[in-house]
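Colleague: I would like to check some labels against their cut-offs. Show me the model first, please.

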Amino acid sequence: MNMAAKRPNRVRPAAFVAPQDAPSHDAFLEIHNVSKRFGDFQALTDISLTIERGTFVCFLGPSGCGKTTLLRAIAGLERQSSGRIIQDGRDISNLPPSQRDFGIVFQSYSLFPNLTVNANVGYGLVNQGLPKAQIAARVQELLELVHLPSSGPKYPAALSGGEQQRVALARALAMQPGLLLLDEPLSALDAKVRVDLRHEMKQLQRRLGVTTIMVTHDQEEALALADVVVVMSKGNIEQVGTPMEVYANPQSAFVADFVGHMNLLRGTAQADGTVRIGSRTLQLDPNQVEGLTGDVLVSFRPEDVMFRGLDAATDNQLQGYIESVDFLGAFSRARVRVDGFDGAVFEADLSANMLRDFGVDAGSTLPLALPRNRICIYPGNERTAGLVKSSGERRA
Amino acid sequence: MSAQDIEATAGPAFPSIDRGRLVSTLGVLTGVALLLVFVAAPLITIFLKSLQNDSGTFVGLDNFVRYFSSAGLIQSLFNSVQIALTVTVIACGLAFGYAYALTRTCMPFRGLFRAIAMIPILAPSLLSAIALIYLFGNQGMIRELLFGNSVYGPIGIVLGITFYVFPHVLMIMVTALSSADARLYEAAEAMGTSRWRVFWTITVPGARYGLISAGFVVFTLTITDFGVPKVIGGNFNVLATDIYKQVVGQQSFSMGAVVGLILLFPAILSFSVDRIVRKRQVAQMSARAVPYAPQPSKGRDRAFFVFCSLVSVFLIGILGTAVFASLVTYWPYNLSLTLAHYDFNAIDPNGWSSFTNSLEMAAWTALIGTCVIFLGAYFVEKADTLPFARGLLHMLAMIPMAVPGLVLGLAYVFFFSTPTNPLSGLYGTMAILVLSTVVHFYTVAHLSFVTALKQLDKEFEAVSASLKVPAYKTMLRVHVPICLPLILNVAIYLFLNAMTTVSAAVFLYAPDTKLASIAVLNMDDVGDQAPASAMAIMIVLTSVSVKLLQVVVTRSLLARSSAWRNRETA
């Protein structure tokens, strides 16, 4: 059903994507038509994707969307049912993990509990038969890189979760891999540690320039870290783009709903390029319509709801009845009901000084507008991200 | 192969050979092959044998018809079931009370009582039967207690086997009663429920799976035990002694096979019930349950103290009687103490060699068994190839638990004594004793290892592959050290069982590989009961020493690894 909600003319999953500041197109990892089935379950459907050397890519999606399967296929930990994977010009499709070139960090840290931090980080180096002094120097260098210069003699059990994950990162980098794979590396950590470590990982990746793929279900994490975000759903790529593109210009209802906060209301597209919600008609930008008619989802972000600077020329003006206000610190999020919307409720963000100036509270009514250039419509009438954020849907 | 070579040749058309994968592929296949040869093939042979006459001609179900038309043999079946049911009721009752006292009361000396309850595990099952003869036999010390009833027969068998199965049942019951959710008891108390009602509505239902499981385990252990009825059964025949008489006495292999298959039946049933019950028991205890801690209650604690003391007196009394019997010059006529009965060479020039044979057999069993079973479990749990073969390996590893020792021994006789079998060279050697003992106790060890390996992070193999370290090196450097206390535990488990087992070995020993437990049986058979007791005591002493050694070694292992072992895995 999410396929129906997608606008085929806008999706370019196999597109050549690069961070804006990349000097040249230099494909490091090419994924060609990779599919994976587990029995009857189709985990990946014909995935094609190209990743540039030195970029930080995030696979973002809800659980079960195939992002981890794709990462494991790249590592060789899961063999794809069909398709090819080419890393740095070498076809690695059928190579076992030990003959591929990657370092990996897991959510569970996966540190060897009976070995010291030094032995963990140097685990691969020892096996290469390098001289002891050289290993010790390299391990120390790595530990300094992850800001744990004096933890070498400790055992993992003596470290906090964040520290253990740093050690895992150092271990993954020890063999100077061409590709760093991160499987939900921050998900097991406390919120504060998560943000700190996320920042450090970004710095480290920039400094080393190692091509990095991170799997996450946390869209905030993906937007903050990635050069390129690959949004996935049900074994398909929904959108590939910079965090800004994915946020500002979601190409499907799924992406719109999954990335950031989005109001999605059921409506009907009209032949004249407008959209009806209940008994109301909203004006849209002409490029939104593109021949769509019938059931659509009308989307706009809570922060795009306008309360100030409304004048006679402003489109889509409505009277909003504030049902409730959640105080969220820097701003507040209001649940707004509009006459004629068939009972649908949407969310709108109010800045702290708006609250003061207007004296907004639950029960008040105030004029607002939905800017026509901030509204997107998508075919279909069902939300697909599985994260129903407002109860308006259920009431409608 | 250097990196450049790989780059030049690798491609979809040339699936590359990976040493790690090769090792695990070979490991899985070797494991499957070993278990097919040493578990599946002998069992198939015994099945085929039951359909042939003694000269090897196929006769269909004739043997079974013959069996069920023989009044004597049917009587044995009836006797066996009767004994098994009686022991099940008595042993489960005693063990439930004992386990309840250990887990749900504040009775003093609980640790000591727990240790005493383990005494029977250290001895061959024959020991209790010999001791019972000294206590209640024709010249028994306290035979008046039986009010003229003879101990040679059902009474002796029931008492002897109850002693032997007690620790096995107790362990299951303790486990079942340990997993109680305190919240249920608090809720009941808050509603003013009577103790009696709490017991029947919360305690018993909570432990019901353990009770069912224990019941089936006792039933099977009883019906398949050979030592006790052999020594004390007199003219009271049971299935286990029938097999022995058919095969060793009358050389009727086909009839032996028939009785063997009949013995297999309760064992398989019990095994299946146990599997189902175990799954339920796990699901029953939710993650949020609060462990139950008993509160002191004078009357109850005292009553259970008396009860446990009585049971302990029985357990210690049996062992003590055996020790006494081994030291008395000539019961009941000369009561002076002597060590003469320990001079086994006086009866048989090779008397002591059966003891050293047992040590050798147990040591090999512990060593080879632990290594093979650990590797098998490792490949089942951690190999990333051949999912079907790994499933098969796991299935084959579960079979031995459902096979009574006597049946296994008989199956080995049939399979390995066939001259056309290329492995027939093993017949009559120490190797076949070791193999049969490893197989006999394979399942419990396998399941312990699988459980422990499951708890290790499932990505260790992926991490080590990414670091270009072959999986087997990581197994040696990470998995083995982490599992070391359990590995030691399994080795001791195999050692102790190898020291005390009679059932499989009784068909497989040769004169120069006679074991101590078999020597006990044979000496008792010819009336040398004092030396038989002495040999049984030698086995107990060995078991106790090994057990103490394990405690010391485990303690030092844990002390040395305490820096990284944040919770005890032993």
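Modeller: Start with chain A. The C-alpha centres of domain 1 of chain A and domain 2 of chain A lie 34 Å apart. Domain 1 of chain A covers 8–102 + 177–248, and domain 2 of chain A covers 263–384. Such bounds come from an automatic or database domain assignment.

Colleague: What kind of model is this, and how are the residues numbered?

Modeller: Residues are numbered from 1 along each chain as its sequence is written, while chains are lettered from A and ligands numbered from 1 in the order in which they are written. The model is predicted: local features need pLDDT of at least 70, side-chain atom pairs count only at pLDDT 80 or more, and totals for chains, interfaces and linings use all residues.

Colleague: How many helices and strands does chain A have?

Modeller: Chain A has twelve helices and 19 strands. Both are DSSP runs numbered from the N terminus: H or I over at least four residues for a helix, E over at least two for a strand.

Colleague: Is Q176(A) called buried or exposed, and why?

Modeller: Q176(A) has 10 other C-beta atoms within 10 Å. The rule places C-beta atoms from the backbone and counts the others within 10 Å: 20 or more is buried, 12 or fewer is exposed, in between is partly exposed. So Q176(A) is exposed. Q176(A) sits in the loop between helix 5 (161–173) and strand 7 (179–183) of chain A. Its phi is positive, about 50°, although Q176(A) is not a glycine.

Colleague: Why is K234(A) called partly exposed?

Modeller: K234(A) has 19 other C-beta atoms within 10 Å. That count falls between the two limits, so K234(A) is partly exposed. K234(A) also has a positive phi of about 50° without being a glycine. Its loop runs between strand 9 (228–233) and strand 10 (236–241) of chain A. Across the 396 residues of chain A, 45% count as buried.

Colleague: What makes helix 17 of chain B largely enclosed?

Modeller: Helix 17 (residues 430–440) of chain B has eleven residues, and nine of them are buried, so the rest of the structure largely encloses this helix. Among the buried ones are I432(B), L435(B), T437(B) and H440(B). The cover includes helix 2 (19–50), helix 14 (351–382), helix 16, helix 18, helix 20 and helix 21 (505–508) of chain B.

Colleague: Why is helix 18 of chain B called roughly antiparallel to helix 20 of chain B?

Modeller: Helix 18 (residues 442–454) and helix 20 (residues 471–500) of chain B pack at about 165°, with axes 10 Å apart. Over 145 degrees counts as roughly antiparallel, under 35 as roughly parallel, 65 to 115 as roughly perpendicular and the rest as oblique. So helix 18 of chain B is roughly antiparallel to helix 20 of chain B. Contact residues include S448(B) and F449(B) of helix 18 of chain B, and H479(B) and L486(B) of helix 20 of chain B. Contact here means C-beta atoms, placed from the backbone, within 7 Å.

Colleague: How many residues of each class are in the contact of helix 18 of chain B with helix 20 of chain B?

Modeller: This contact has nine nonpolar, two polar and no charged residues. Ala, Val, Leu, Ile, Met, Phe, Trp, Tyr, Cys and Pro count as nonpolar, Asp, Glu, Lys and Arg as charged, and the others, Gly among them, as polar.

Colleague: What makes helix 14 of chain B oblique to helix 15 of chain B?

Modeller: Helix 14 of chain B and helix 15 (residues 387–398) of chain B pack at about 140°, with axes 9 Å apart. That angle falls in none of the named ranges, so helix 14 of chain B is oblique to helix 15 of chain B. F379(B) of helix 14 of chain B and R390(B) of helix 15 of chain B are among the contact residues. By class, this contact has four nonpolar, two polar and one charged residues.

Colleague: Where do the domains of chain B lie along the chain?

Modeller: Domain 1 of chain B takes 28–49 + 344–570, and domain 2 of chain B takes 70–229 + 298–332. Their C-alpha centres lie 27 Å apart. Their contact takes 23 residues from domain 1 of chain B and 17 residues from domain 2 of chain B. On the domain 1 side, helix 23 of chain B gives the largest share, eleven residues.

Colleague: Which bond is cis, and what is its omega?

Modeller: The peptide bond joining W331(B) and P332(B) is cis, with omega about -5°. P332(B) lies in the loop between strand 1 (328–330) and strand 2 (334–337) of chain B.

Conventions:
Axes fitted to C-alpha atoms, helices over the stretch in contact; angles between N-to-C directions. Contact = placed C-beta atoms within 7 Å.
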